[in-house]
Amino acid sequence: VEELKKEATVEVEDERIVVRPLPEKQGPWQRIEISYGKSKAFPARYTIYEESGEVVDIRLSGIKRNSGVKADRFKADWPPGVDIITLGE
C-alpha cells in the first residue's frame, strides 16, 4: 500500500476501495474500484475506468482459499538459452 500511495490515492467509498492516480501520475486509467463479496474475505469485483471512457469490469466467483493447487503448476517453462536470475542470491 505504501508503494501504491506514491502513485495514487486510496480511499474507502461506499464499502469499495477506490484508487485514483495522483495528478502528476496520470495514465491510461481514471480510477479503479475494488468491491468485496459477502464474506468480505476476498475482492469479488474490480472495475477499471479508463481515460478513453471504456470500463473494464472483472467479477470473481467461486473463489476457494487453499484449494490444494500443486506447486508445479506455477513452474515456468523457459526456452533454451534464457538467463535466469534469482533475486536475493
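Here is a short chat about a predicted protein model.

Trainee: Which strand has the highest mean pLDDT, and which the lowest?
Mentor: Keep in mind that this is a predicted model, with an average pLDDT of 87 and 99% of the residues at 70 or above. Among its elements, β1 (residues 8-13) sits at the bottom with a mean of 91. At the top, with 96, is strand β5.

Trainee: How many bridges join β1 to β2?
Mentor: These two make a hairpin with 2 residues between them, and Asp14 in that turn has a positive phi of about 50°. Ala8 stands opposite Pro21 in β2. The strands run antiparallel, and the number of bridges joining them is 6.

Trainee: And which residue in β3 stands opposite Val19?
Mentor: Strand β2 (residues 16-21) is also joined to β3 (residues 29-36), antiparallel again, by 4 bridges. Opposite Val19 you'll find Ile32.

Trainee: Is Ile58 buried or exposed, or in between?
Mentor: Ile58 belongs to strand β5, and it touches Ala44, Arg45 and Tyr46 if you skip residues up to four places away in sequence. Buried would need under 20% relative accessible area, and exposed over 50%. Ile58 comes in at 37%, so it counts as partly exposed.

Trainee: What area does the nonpolar surface patch with Ile58 and Ile63 have?
Mentor: Ile63 lies in the segment after β5, and its 42% relative accessibility makes it partly exposed. Phe42, Val56 and Leu60 join Ile58 and Ile63 in making the patch. Its area is about 370 Å².

Trainee: How far apart in space are Ile58 and Ile48?
Mentor: In sequence they're 10 residues apart. From C-alpha to C-alpha, the distance is 8.4 Å.

Technical notes:
Residues numbered from 1 in each chain as written. Predicted model: local features only at pLDDT ≥ 70, side-chain atom pairs only at ≥ 80, totals over all residues. Heavy atoms only, no water. pLDDT = per-residue confidence, 0-100. Patch = residues over 30% accessible without salt bridge, like charges linked within 9 Å, V, L, I, M, F, W, Y side chains within 5 Å. Areas by Shrake-Rupley, 256 points an atom, 1.4 Å probe, with all protein chains shown as cover. Salt bridge = Lys/Arg side-chain N within 4 Å of Asp/Glu carboxyl O. Buried < 20%, exposed > 50% of the residue type's maximum accessible area, 1.4 Å probe, protein only. Contact = heavy atoms within 4.5 Å. Pairing = 2+ DSSP bridges.
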